[in-house]
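Please look through the structure shown here, starting from a single side chain and widening the view step by step to the whole chain.

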Amino acid sequence: MLDPITAIATATAAFNGVKKLVAAGRELEDCMGQMAQWYTAISDLGEAERNVKNPPLFKRLTSKKSVEQEALEIFAHRRKVQAQEKELREIILFAYGKDAWTELIGLRRRIRLEREKAIYAQKRKREDTFWTVITIIILTFLCYGFYATLSFVVNEMRPQTTEEPDK
């Protein structure tokens, strides 16, 4: 999965490739690789946006971006993607007609669901496992620190006996 900046850059490059190929008179079939890259990058961008909305605790604490900055970036990315998708739609409608666009949308929806289940769910599981382990380690150190402090206080509060050993 790509970060949002790389995903939008990849999508834009793929989109520009499709436009150049179509403008050069190439058949739409010749552009399918570029379109596939575009859709993959858009899918990665969507997942990156979901991660921005629900980041891990560590990222929330260390993020250098303001909420407003993240919101503006997401807004700009969405608008750019919408404009690109509109142009791709027009290209497909011109080349194949409305039925082809409807079929493509259905295939895209199905593939997105499959990808969500396979790739992104696995990634989320790995991240959740990582943060669970980190949390357990931190809690272990905190519990040990509490135990050590409590033991020290209890030992210091015990009355000191200065009896001499029997001879």
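**From one side chain to the whole fold**

F141 has a relative accessible area of 61% and therefore counts as exposed, a reading that belongs to a predicted model. The residue lies in helix α5, which covers residues 98–157, and F141 joins V133 and I137 in a nonpolar patch on the surface, the three together offering about 300 Å² of accessible area.

A contrasting case is found in helix α2, which spans residues 32–53 and holds S43. With a relative accessible area of 17%, S43 falls under the 20% limit and is therefore classed as buried. Once residues up to four places away in sequence are set aside, S43 touches R115 and Y120.

The aromatic rings come next, and the structure holds two aromatic pairs. In one of them, W38 and Y39 meet edge-to-face, with 4.9 Å from centre to centre and 80° between the planes, and both of these residues are buried. The rings of F130 and W131 have centres 5.0 Å apart and planes at 80°, and because an angle over 60 degrees is the criterion, this pair is edge-to-face as well. As for their surroundings, F130 has a relative accessibility of 45% and so counts as partly exposed, while W131, at 24%, is likewise partly exposed because its value lies between the limits of 20% and 50%.

Helix α1 can be followed along its length: it comprises residues 4–23, 20 residues in number, and reaches 28 Å from its first C-alpha to its last, close to the 28 Å expected at 1.5 Å a residue. The buried residues of α1 are A7, I8, A11, T12, A14, F15, G17 and V18. After α1 comes G25, whose phi is positive, near 90°.

Seen as a whole, the protein has five helices and zero strands, so that, by the DSSP assignment, its elements read α-α-α-α-α from the N terminus on. Of the 167 residues in the protein, 22% are buried, and the exposed area comes to about 12700 Å², with carbon and sulfur atoms supplying 62% of it. As to how the chain meets itself, when contacts between residues at least 6 apart in sequence are taken, 71% of them join residues at least 24 apart.

How values were computed
Residues numbered from 1 in each chain as written. Predicted model: local features only at pLDDT ≥ 70, side-chain atom pairs only at ≥ 80, totals over all residues. Heavy atoms only, no water. Patch = residues over 30% accessible without salt bridge, like charges linked within 9 Å, V, L, I, M, F, W, Y side chains within 5 Å. Areas by Shrake-Rupley, 256 points an atom, 1.4 Å probe, with all protein chains shown as cover. Salt bridge = Lys/Arg side-chain N within 4 Å of Asp/Glu carboxyl O. Helix = DSSP H or I, 4+ residues; strand = E, 2+ residues; numbered from the N terminus. Buried < 20%, exposed > 50% of the residue type's maximum accessible area, 1.4 Å probe, protein only. Contact = heavy atoms within 4.5 Å. Expected span 1.5 Å × (residues − 1). Phe/Tyr/Trp six-rings, centres within 6.5 Å; stacked < 30°, edge-to-face > 60°.
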